[in-house]
Amino acid sequence: MDKKVGVYICTGCEIGESLDVPALSKVATSEYKVPICKNNPMLCGKEGSSLITADMEKEGVNTVVIAACSPREKTDVFTYDPTSVCMERVNLREHVVWCHPSQDEDTQMLAGDYLRMGIIKAQKMAPLEPFSEQIDKTILVVGGGITGMTSALEAAKAGYDVVLVEKAPELGGWMKRLWKQYPKSPPYLELQPTGVDEKIKEVMSHTKIKVYTGAKIEKTKGAPGLFDVTISQNGKSETIRVGAIVEAAGWQPYDATKLDSLGFGKYANVVTGIMVEEMAAKGKFTRPSDGKEAKSVAFIQCAGSRDKDHLPYCSSYCCLASLKQAKYIRDKDSDAKVYILYKDIRTVGQYEIFYKKVQEDPGIFLTKGEIAGISEDAEKNLVIDVDNTLLGGKIQVKAEMVVLATGMVPAAGIEMKAAIPEEAEKTCEEKKEEGKDLPADTIIPSDILNLEYRQGPEPPALRYGFPDSHYICFPYETRRTGIYAAGCVRQPMDSAACMDDAGGAAFKAIQCVELTAQGKAVHPRAGDMSYPELYMSRCTQCKRCTEECPFGAYNEDEKGNPLPNPTRCRRCGICMGSCPERIISFKDYSVDIMGSMVKAIEVPEEDEEKPRIVAFLCENDAYPAMDIAGRKRLSYNPYVRVIPLRCLGNVNLVWIADALGKGIDGVLLIGCKYGDDYQCHFIKGSELANYRMEKIKETLDRLRLESERIRILELSLDEYDKLPGIFDDFLEKIEELGPNPYKGF
Amino acid sequence: MADTKVSDGDVLVIGGGISGLTTAVEAAEVGCRVILVEKEPSLGGRVARNNKYYTKLCPPSCGLEINFKRIKKNPNIQCLTLSEVEAISGGEGNYEVTIRINPRYVNENCTACGKCAEVCVTEIPNEFNLGMDKIRAAYLPHPMAFPMRYVIAPEIIGTEEVKKCLDACKYNAIDLDMKQETVKVKVGAVVVATGWNPYDAAKIDNLGFGKCRNVITNVMMERLASPSGPTKGRIVRPSDGKEVKTVIFAQCAGSRDENHLAYCSGVCCLASLKQATYVREQYPDAKATIFYIDVRALGNYEDFYTKVAGDENISLIKGKVARVEEDPTTADVVVEAEDTLTGDKIKARADMLVLATGMVPSAPGGNIAVTYDEFGFVVSDPSIRGIYGVGCARRPTGVAQSVQDATGAALKAMQSMVRR
C-alpha cells in the first residue's frame with residue numbers, strides 16, 4: 001500500500017496555549033515530509049473529525065496521526081478500519097500539557113519527540129489482514145457430569161453442535177450418585193431431587209449433541225477453530241474437528257485412605273460422604289461392620305480439606321453436604337443422633353437458611369472443634385476426642401458410625417501418567433544448568449485432553465492442580481486458548497455453582513469460535529486482528545518463543561523451528577520480546593516499529609544538560625495510571641519519553657541497546673505485578689521482562705555502561721500518584737551517574 | 001436539544017456494575033446488540049468503589065479498565081447512564097422497554113477538560129465516596145469514570161453559577177436545556193444486574209453506627225483506603241483524623257440475623273480479612289481484631305485466610321459483638337463481646353470499629369416479570385425465559401462469581417435470540 005500520512009494536531013484542552021503548534025507542525029512537515037498536517041481547536045468535534053475523514057476521501061490519506069488527548073479517550077470519534085487505515089495517537093494532553101509547564105522549551109521538546117515517535121510508528125505500520133481459515137464451530141465438552149451436561153445443553157440451545165465425551169459408561173458424574181440435593185430454591189428449607197436423570201435424558205435426546213460415553217480423548221491437536229480431537233471408544237478411534245473446548249472433567253473425592261489419623265481403613269465404621277449417599281439411596285444407614293443401623297452418627301468436617309498436609313483449600317460443598325446427610329439420617333430415624341464436628345460452617349448466601357433449619361433440629365449437635373484423636377471400642381463404635389470446642393475445652397463424642405466429609409481434588413490435578421514430554425523435561429534441566437530461575441509451568445499429565453502441544457499435554461495449573469488463570473476477572477480462561485475450564489475442575493464448588501459455571505464456559509467457547517472465524521483475537525485483546533508473522537529464514541531455532549509464550553501458541557518441528565498457530569495466539573507480543581533474532585512481527589507492532597520510535601527521540605548534546613529517559617509502559621495498567629496522573633495535573637520532569645506496550649513482556653533487548661547506543665541516559669520499564677498474585681493480563685509478561693532484564697548486564701558491560709541505567713518496576717493502575725516520584729527518582733539516579741557517553745555517536 | 005437516540009437491541013442489561021458490565025461486553029463480543037442501562041453517571045457500580053479485590057489485593061480499576069476498553073472497541077453496545085428502566089412489557093424475543101433518561105446537562109462534546117469544575121464553587125455530597133466528602137456541582141464522578149464525561153448536578157441548574165460553567169466550556173458540551181426524557185426500545189432478552197446496597201447499619205441498635213463517630217461500615221472502609229477516596233487513601237478516624245492503629249471488625253453486622261438479614265452475605269468475611277491487611281500495610285504496628293461467627297473463605301480463598309490469620313497483629317475471635325460505646329474523652333470505640341470458645345467476656349478498645357454490613361438486593365423497579373425470594377433476590381426459575389437475574393441481584397456473592405454468572409447470562413440472552 002502506498003502510504004499517505006496526515007498529521008492532525010488538536011489545539012484544544014490547553015494544547016494550543018501550552019505549545020508552539022506551528023513549530024510542532026514543522027516536525028511533521030519538515031523533518032518527516034508529511035504531506036498533510038492540520039490543526040483544529042476541537043479535533044474530536046464534528047468539524048475536526050470530518051477534517052480527517054474528508055482528507056481520507058479526497059486526498060487519499062490512509063495513515064493518520066492524531067496528536068490530541070490520550071488514545072484511551074474519544075475512541076468513538078477516532079476509530080478507523082484497521083484493514084485499510086493505519087492510525088496512531090499521540091498523547092499531547094494527559095502526558096504533555098497537563099503535567100508540564102506551559103510555553104516551556106522542555107515541554108515543547110517533549111511534544112516534538114512524541115510526535116516524531118507517532119509519525120514513525122504510523123509510517124511503519126501496515127494495514128491488518130485478518131488470519132482467515134475455514135474453521136469449525138463445534139463445541140467439544142469433556143466430562144459428562146452436571147457441569148459438562150449443562151455446558152453441552154446450553155451451547156446446543158444457542159444453536160451450536162456439541163460433542164460430549166464422558167469416560168464413564170453413563171452420564172451423570174457424581175451428581176448421579178447423590179440421593180438428593182440440599183435446597184437450591186426458595187424457601188431454601190427442603191431437600192430436592194437432583195434432577196440428574198431428566199438432565200441426562202435431555203442431553204441424550206438433543207439433536208445437536210453427540211454423546212460419547214465410555215470414551216476418552218486420546219489426543220487433541222491443532223488450535224481454536226481447528227482442533228482435531230481423537231476420541232477412543234470401545235477400542236475404536238475416531239478423529240473429529242471442533243472449534244473450542246469446555247474442560248469439565250470434574251473431581252475425585254480426596255483419598256480417604258490417606259486420612260489414617262481419622263481412622264478410615266483402620267476402623268470399619270468410618271465411612272465417607274459418598275458412602276452415605278449410597279446408604280440413603282438404599283434407605284438404610286447401616287454400619288459396614290455389622291449391618292446394624294447406626295443410631296448415632298458423627299460427621300467430621302474438613303476431612304483432608306483446609307489441612308496443609310492434605311488439601312490446603314476449602315472444598316466448599318462439604319458443610320452443606322453433611323448438613324444434608326444429617327437430615328437424611330434424622331428424617332429416616334427420629335431417634336438417631338447426629339454430631340457435626342466442624343472448623344467453620346460455610347453456608348453462604350441463602351444456604352444459611354437451610355443451616356439454620358438443621359440447627360433447630362434437637363437431634364443434630366453441631367460443634368466447632370479440632371479432632372484430637374479417634375479410637376474404636378469393643379462394639380466397633382468410634383470414640384472421638386475433640387479439642388477447643390464451643391462447650392469449653394475437650395469433649396468426647398461416641399458414635400456408632402463416623403462420616404468423613406472428604407474434600408474435592410480436581411481431575412486435572414491427578415497425575416494419570418508420566419506423560420511430560422522428554423523435550424520439556426530436558427528444557428527444565430537445561431534451565432537449571434544455566435542457572436536461570438524462570439519458573440516452569442506446572443503441567444500435570446492428568447490424561448484429560450492429551451494436547452499435542454510442545455508445551456505439554458494439559459493446560460498449566462494455577463494452584464493445587466486447578467487449571468485456572470485469572471480467577472477474579474477472567475474466569476474460565478485456562479492458559480491454553482480456546483480451552484475453557486468449568487465446574488470443579490476449575491475450583492471447588494457445589495452443583496448450583498457448577499451449573500452457572502457451565503453456561504459461562506460454554507459461552508466463552510462460543511465466543512472463541514465466533515471471534516476466531518472472523519480472524520479476531522479472544523480475550524483479553526478481543527477483536528484484535530493483528531497476529532505474529534515470522535521471518536523464518538533468520539530463525540536460529542533457539543526455541544525461546546515456543547518456551548516463553550504463556551499460551552502455548554507455538555509448536556515445533558523436528559529441527560526446532562517454531563510452528564505458529566495464529567488462532568491460539570492472544571496477540572500479547574511476548575514472543576516478540578523473546579526473539580533474539582527479532583523475526584517476530586505484527587503488522588502494526590514490531591521490534592522494528594518500536595525500535596524506530598526509540599530512535600526517533602532527539603537526544604540533545606551533553607552540554608545542553610537535558611537528559612533523556614525512555615520509559616516502556618504496559619498499556620493495561622501503567623499507561624492508564626499515567627493518564628490519571630495527567631488528569632490530576634501531577635507534575636514530573638519533562639525528560640521522560642513514554643512508549644506504551646501491549647505487555648511489558650514485549651520488550652526486546654535490542655530496544656534497550658538502541659536507546660543506550662543512541663545516548664539516551666536511562667531506560668525505565670514499568671509493568672504489572674508478578675508472582676503468585678500476578679496481575680499481568682498475559683500471565684507471565686512482566687515476570688519474563690524481569691527475567692530477561694537480568695541478562696541485559698552483558699549488553700551494558702559491552703557498552704561499558706552502569707546497570708543502574710536500567711530500572712524495572714511494578715505498578716498497579718491505582719498507584720498513579722507514585723508515578724511522578726518514580727520518574728523523578730530515576731532522573732536523580734541518572735544525574736548522579738552523569739550523561740551517557742554515547743551521546744552524539 | 002435533540003432527543004437521545006436509542007436503537008432497538010438484542011439484549012437489555014439493567015445495571016452497569018461488574019455483573020451488568022460483564023454481561024454487556026461478553027454478549028456484544030459475539031455480536032449481540034446490547035443496551036446497557038445504568039442509573040449512576042458512570043459505570044462500575046460497587047466495584048469501582050472498592051480499593052482492592054480479595055484475595056489478590058489488586059485494584060478493581062485494572063479490571064474495569066479492560067472492560068471499558070472492550071466497550072470502547074465495540075460498536076454493539078449502547079450505554080445509557082443516569083438512566084433507569086421504568087417498564088418492560090411483552091415476552092421473550094419481543095420486549096418493549098421504557099427507559100427514563102435523566103439529564104446530565106453535558107453532552108458528548110465533553111472532552112473532560114475540567115474547565116466547568118474550575119469555575120464551580122457549590123459543593124454537593126460526593127456520592128462516589130458515599131457522601132464522606134464533597135465534590136463540586138460540576139464534576140467528573142471519579143478519575144476512572146466511564147463515560148469520561150462531566151456531570152452538572154441539578155442543584156445548580158437555574159443559578160448564575162451554572163452560567164459560569166457554560167461560559168467556561170469551549171466545546172458546547174454543556175446543554176442546560178436537557179430534560180428528563182423517556183425512550184421506548186425493543187429487545188429480545190433482559191438481564192437484571194441491579195446489584196446490591198449495603199444494609200443500613202443504623203438499624204443495628206447495639207453496634208453504635210450513627211452514635212459513635214468512629215464506627216464505620218466496610219463499604220466506607222473501602223473508600224477510606226482508596227487513593228481516590230475522601231482521604232486519598234489514608235486510613236484515619238472520622239472524628240479527629242487520627243491514624244487508625246487499632247481496629248476492630250464486627251462480622252455479620254446484620255447478616256445471619258433473623259432480625260435483620262437471615263442469610264449470609266457471602267463476602268464480608270473475606271472483605272474484613274482484606275481490610276485488616278489495608279490497615280496493617282499502612283501502619284506497620286497496627287493491630288486488628290476480627291469478631292466472627294464462622295470465617296467463610298471458600299475454595300482457594302482459604303489460602304488468603306490462612307495468610308492473614310498468620311499475621312501476629314491480627315486476631316480472630318469467634319464471638320459476636322454485643323455492645324458498642326464511644327469513650328467521650330478520646331472518641332475511642334469500646335466494644336463488649338463474648339469469646340464463644342472460652343466463654344470469656346471481652347471488653348476491647350479501638351481507634352475504629354468497622355461493621356461488616358451485609359448485602360441487600362437492590363430492586364430493579366418497574367414491573368419486571370421475575371420471581372423474587374422472600375429477601376428480594378431474583379429467583380432463577382428455568383420456566384421463565386427471556387429475563388435472567390445475575391450477580392448480586394440473584395444472591396449475595398463476590399466479584400469472581402458475579403463475573404462467572406454474568407458470562408453465563410450472556411449465553412442465556414443469546415439463546416433467547418436464537419429462539420426469536
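This is a short tour of two helix crossings in a predicted model.

Local features here need pLDDT of at least 70, side-chain atom pairs count only at pLDDT 80 or more, and totals for chains, interfaces and linings use all residues. Residues are numbered from 1 along each chain as its sequence is written, and chains are lettered from A, with ligands numbered from 1, in the order in which they are written.

**Stop one: between chains**

Select residues 495-517 of chain A, helix H12, and residues 399-419 of chain B, helix H9. (Helices are DSSP runs of H or I, at least four residues, numbered from the N terminus.) Their axes come within 7 Å and cross at roughly 65°; axes are lines fitted to C-alpha atoms over the stretch in contact, with angles from 0 to 180 degrees between N-to-C directions. So H12(A) and H9(B) are roughly perpendicular (65 to 115 degrees). Now show the contacts (C-beta atoms, placed from the backbone, within 7 Å): on H12(A) they include Asp500(A), Gly504(A) and Phe507(A), and on H9(B) Gln404(B), Gly408(B) and Leu411(B) are among them. The contact residues divide into four nonpolar, five polar and five charged (Asp, Glu, Lys and Arg count as charged; Ala, Val, Leu, Ile, Met, Phe, Trp, Tyr, Cys and Pro as nonpolar; the others, Gly among them, as polar).

**Stop two: inside chain B**

Next, pick H1 (residues 18-29) and H3 (residues 60-73) of chain B, whose axes come within 10 Å and cross at roughly 40°. That makes H1(B) and H3(B) oblique to each other. Leu21(B), Thr22(B) and Val25(B) in H1(B) meet Asn67(B), Arg70(B) and Ile71(B) in H3(B). Colour that set by type and you get three nonpolar, two polar and one charged.

Technical notes:
Helix = DSSP H or I, 4+ residues; strand = E, 2+ residues; numbered from the N terminus. Parallel < 35°, antiparallel > 145°, perpendicular 65-115°, else oblique. Contact = placed C-beta atoms within 7 Å.
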